[in-house]
Amino acid sequence: MITIIGGGAIGLCTAYFLHKEGQEVQVIESSRSNEASGCSHGNAGMIVPSHFTPLAAPGVISQGLKWLFNSKSPFYIKPRLNKDLLHWMWLFARSANQKNILRVGDQLFRLNHASRNLYEDIIKEEDLKVAYQRQGLMMLYQTEHVEAEEQHLAIEASILGIKSDILSPQEVAKLETDFEFNIRGGVHYHSDAHLDPGSFMVQLKDYLLKAGVDIHYDVQCHGFKSTGNKLTHVNTNKGLFESQKVVVAAGVWSRTLSENLGVHIPLQGGKGYSLTIKKPPLQLKIPSILCERKIAITPMGENLRLAGTMEIAGMDRTINEHRLQGIKDGVNQYLKNFEMDWVENVTPWTGLRPVSPDGMPYIGKCKDWDNLFINTGHAMMGVSLAPISGEVLKDIILKKPVKFNTEILSPDRF
Ligand SMILES: Cc1cc2nc3c(=O)[nH]c(=O)nc-3n(C[C@H](O)[C@H](O)[C@H](O)COP(=O)(O)OP(=O)(O)OC[C@H]3O[C@@H](n4cnc5c(N)ncnc54)[C@H](O)[C@@H]3O)c2cc1C
């Protein structure tokens with residue numbers, strides 16, 4: 001029996017690929033229901049082969065410092081004297097350079113690209129209704145400085161084979177006929193897709209349950225039993241679960257869980273918010289990122305979701321009204337005919353992204369244990385990368401050839 005701890009997008013996709021290979025799998029999830037779990041439901045649902053640059057990129061630290069005292073800013077690190085945070089920040093600063101982009105960019109692109117194709121396979125094979133569309137992604141900008149940056153990125157992307165068009169405001173308006181934009185222009189990447197992540201989670205869970213995979217909700221793992229270098233049981237509030245292999249896929253909570261086993265994976269929670277407008281009178285066709293404000297807007301079926309902010313502020317999930325207002329104001333600045341009263345009574349959602357310091361997830365076996373595997377740290381790309389992360393870890397567990405650089409993904413790399 002393979003026990004997966006965590007029933008978010010990463011845990012469920014790992015269960016899916018292992019089950020498809022005929023493995024006996026069970027999932028342990030501390031939330032009462034699939035809908036209430038971690039970070040995988042209310043996010044922006046973007047599947048992003050175009051995102052080949054990690055969060056740790058040149059310029060992000062100076063930008064972060066500029067935003068430090070702005071209560072509505074999209075990126076914020078709450079200063080705290082905490083050993084894990086300081087170590088993470090040091091690793092983050094060490095990775096925020098062009099060398100890191102060159103090291104991980106190609107892998108990130110190939111992982112995201114393969115993941116998008118796997119989404120198309122899963123959706124078709126299991127007949128999932130998840131509002132999946134492949135309309136690409138639009139990066140919209142207002143300033144000359146960001147225009148230059150985005151156009152430069154589009155050229156770098158083309159070297160990796162990622163196609164895009166650089167659009168004038170008039171050309172954006174031709175594609176997006178409902179909204180009037182206040183922009184200098186945009187870059188339209190053709191490779192990207194989007195879906196309703198909440199629907200995907202619910203339907204994947206239903207598929208797995210029907211297929212005979214046990215998903216134990218309301219069960220919290222708080223430790224392990226082992227003999228020598230081998231884990232034998234997962235210890236929970238509902239008793240011991242015998243396990244031949246264990247996968248920790250518990251999102252941002254994976255750090256403390258694996259620390260119980262002497263495995264240290266630098267990981268911080270990156271809090272973000274979303275607001276879902278039900279049936280707005282105007283609708284986008286193509287998901288967009290409002291570059292200067294780092295806000296994502298995604299059409300999801302009849303609804304429109306606004307998402308943003310990255311607050312590295314511990315495990316706190318309270319809503320910061322200033323940052324929420326920052327998202328609303330930001331959208332209003334780019335979309336001239338966006339009405340503030342569409343978001344007035346919308347209940348905000350919040351989630352903690354599991355953020356690694358170098359922008360790469362942790363996918364692999366832990367060297368000090370014979371049967372412990374990790375799948376987490378996907379930060380802003382956990383939905384996008386969920387299927388390929390499940391497939392890669394399945395191959396690692398079953399000792400099959402892996403088509404990606406496993407050293408870059410190793411949980412032991414720091
Ligand atoms: C505002 C926002 C917008 C985003 N937009 C996008 C996007 O457009 N595209 C994209 O790719 N990504 C996006 N993301 C990131 C994405 O949501 C995450 O990377 C992804 O959901 C992480 O999935 P996960 O399965 O690792 O973690 P989670 O979804 O958090 O799942 C972990 C699960 O483990 C469970 N758990 C924890 N501890 C235990 C325990 N001890 N025992 C049992 N169970 C436990 C939790 O209850 C939880 O359900 C966004 C995130 C935010 C916040």
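Which residues touch the most other members of the largest nonpolar core? They are Ile5, Leu12, Ala15, Leu140, Val247 and Val331, in a core of 112 residues. Before I continue, please note that this is a predicted model: local features need pLDDT of at least 70, side-chain atom pairs count only at pLDDT 80 or more, and totals for chains, interfaces and linings use all residues. Residues are numbered from 1 along each chain as its sequence is written.

A nonpolar core here is a set of buried Ala, Val, Leu, Ile, Met, Phe, Trp, Tyr and Cys residues joined through C-beta atoms within 7 Å. A residue is buried if 20 or more other C-beta atoms lie within 10 Å of its own, exposed if 12 or fewer, and partly exposed in between, with C-beta atoms placed from the backbone. In soluble globular proteins, nonpolar side chains tend to be buried together.

Let us take Ile5 from that core. Leaving aside residues up to four places away in sequence, Ile5 touches Ile28, Cys221, Val234, Val247, Val248, Ala249, Ala250 and Leu257. Touching, or contact, requires C-beta atoms, placed from the backbone, within 7 Å of each other.

I turn now to the helices. Helices (H or I, at least four residues) and strands (E, at least two) are DSSP runs, numbered from the N terminus. Axes are lines fitted to C-alpha atoms, for helices over the stretch in contact, and angles run from 0 to 180 degrees between N-to-C directions.

How do α1 and α10 cross, left-handed or right-handed? The axes of α1 (residues 9-20) and α10 (residues 386-397) come within 8 Å and cross at roughly 50°. α1 is therefore oblique to α10, given that angles under 35 degrees count as roughly parallel, over 145 as roughly antiparallel, 65 to 115 as roughly perpendicular and the rest as oblique. The crossing of α1 and α10 is right-handed; the near helix is turned clockwise from the far one by less than a right angle, whereas anticlockwise would be left-handed. Among the α1 residues that meet α10 are Ile10, Cys13 and Phe17. By class, this contact of α1 with α10 has ten nonpolar, three polar and two charged residues. Here Ala, Val, Leu, Ile, Met, Phe, Trp, Tyr, Cys and Pro count as nonpolar, Asp, Glu, Lys and Arg as charged, and the others, Gly among them, as polar.

α1 also passes α7 (residues 197-210), with axes that come within 10 Å and cross at roughly 35°. This crossing of α1 with α7 is left-handed. Ala9, Leu12, Ala15, Tyr16 and His19 in α1 meet Pro197, Met201, Leu204, Lys205 and Leu208 in α7. The contact of α1 with α7 divides into eight nonpolar residues, one polar and one charged.

Helix α10 has a further partner. The axes of α4 (residues 98-125) and α10 come within 7 Å and cross at roughly 95°, which means that α4 is roughly perpendicular to α10. From α10, the contact uses Ala386, Pro387, Ile388 and Glu391.

Finally, I consider two lysines in loops. Phi of Lys294 is near 50°, a positive value in a residue other than glycine, and Lys294 sits in the loop between β15 (288-290) and β16 (295-300). Lys399, in the loop between α10 and α11 (406-409), has a phi near 55°, also positive. Which is Lys399, buried or exposed? Lys399 is exposed, with 8 other C-beta atoms within 10 Å, whereas Lys294 is buried, with 21.

Key
Two residues are in contact if their C-beta atoms, placed from the backbone, lie within 7 Å.
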